[in-house]
Amino acid sequence: NAAAVTTSGDIAAATINFAADGSLTLADGSDVEGAITNTTTNQGTLTLLGTSTVSGAAGSTGVGLLAVNAGATGAVATFDGLVKTTTLTVTGLGDVVLNAGLAGAVAFAANGELTLGDGSTITGAVTTAVNNTGTLTFLGSGGVTGDVGAAGLALKDINAGADGATVTFGGDVFVATSTLPVTASGTVALSGSLTGNANFDADGV
């Protein structure tokens, strides 16, 4: 049977591997100093209950892990390596920081935030469970290959267009507040349609 492991301390290991469809839960303040891999595609669930940092990549084989859950209210969950998972769920009102991007889908369960470091891309779609919830922020260049939001289930806010940066959206974009802020003098490129308005806070494109 697949194991369920919960830790309240840090894990310092070059690699933590899901050999089966088990689960690893990190208590608030627990960090992983290494990578998290999976033997079989779409197996393994990683849950961060509070503020934690995973220093290596999370997910490896095939589509990666089955699920990654992070973003508890009041917490900041940071992933310094690429995250590969079927679905990354932002569970609460916290912030999930992706410094190397995501290969997989994003699901906002509440009004949390997903922050992408410079050069980070989401290879997948971004959805929200409740209309006008969820904030997507790009600190530099990056993009999303799939749709962002959906009709009747739009994100609350999207921040992009930092100085000298280019953010590309490959699908349709839905923003409930009717603004896609271009936050500085960067470029936001839309390949699909925008439901909402582009709000230029500075001399962006």
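Two strands are taken to pair if DSSP finds at least two bridges between them, and with that in mind the bridge partner of V76 in strand β10 can be named as D95. The model discussed here is a predicted one, and the pairing of V76 with D95 offers a place from which to begin reading it.

The bridge between V76 and D95 belongs to a wider arrangement, in which strand β8, covering residues 76-79, is joined to β10 by four bridges, with the two strands running parallel. Strand β10 is also joined by four bridges to strand β12, which covers residues 113-116, and here too the strands run parallel. Within this second pairing, V96 stands opposite L114 of β12.

The side chains of β10 can be followed next. D95 and V97 point one way from the strand, whereas V96 and L98 point the other way, and all of them are buried. L98, which has its place in β10 (residues 95-98), has a relative accessibility of 0% and therefore counts as buried, the cut-off for that word being under 20% relative accessible area. If residues up to four places away in sequence are not counted, L98 touches F79, V83, L88, L114, T115, L116, G117 and S120. The C-alpha atom of L98 is also separated by 7.6 Å from that of G81, a residue 17 positions away along the chain.

From here the view can widen to the nonpolar interior. In soluble globular proteins, nonpolar side chains tend to be buried together. The largest nonpolar core of this model has 40 residues, and those with the most contacts inside it are F79, L114, L136 and F169. Two of these names, F79 and L114, have already appeared among the residues that L98 touches. F169, for its part, touches L136, F138, V144, V148, I158, V188, A189, L190, S191 and G192, again without counting residues up to four places away in sequence.

One of those contacts involves a second aromatic ring, and the count of aromatic pairs in the model comes to one. The rings of F138 and F169 have their centres 5.9 Å apart and their planes at 90°, so the pair is edge-to-face. This pair links distant parts of the chain, since F138 lies in strand β15 (residues 135-138) and F169 in strand β18 (residues 166-169), 31 residues apart. Both F138 and F169 are buried.

Another part of the chain can be entered through T25, which lies in strand β3, covering residues 23-26. T25 has a relative accessible area of 16% and is therefore buried. Leaving aside neighbours within four places in sequence, T25 is in contact with V5, T6, T7, T47 and L49.

It remains to consider the chain as a whole, which has zero helices and 21 strands. Its radius of gyration is 17 Å, close to the 17 Å that the globule rule gives for 205 residues, so the chain is as compact as a globular protein of that length. Along its principal axes the C-alpha trace spans about 50 × 30 × 30 Å. Of the 205 residues in the chain, 49% are buried, while the accessible surface comes to about 7,900 Å², with 52% of it belonging to carbon and sulfur atoms. Among the contacts in the chain with a separation of 6 or more, 20% are accounted for by residues 24 or more positions apart.

Terms used: Residues numbered from 1 in each chain as written. Predicted model: local features only at pLDDT ≥ 70, side-chain atom pairs only at ≥ 80, totals over all residues. Heavy atoms only, no water. Buried < 20%, exposed > 50% of the residue type's maximum accessible area, 1.4 Å probe, protein only. Contact = heavy atoms within 4.5 Å. Core = buried A, V, L, I, M, F, W, Y, C linked by side-chain atoms within 4.5 Å. Rg over C-alpha atoms; globule rule 2.2 N^0.38 Å. Areas by Shrake-Rupley, 256 points an atom, 1.4 Å probe, with all protein chains shown as cover. Phe/Tyr/Trp six-rings, centres within 6.5 Å; stacked < 30°, edge-to-face > 60°.
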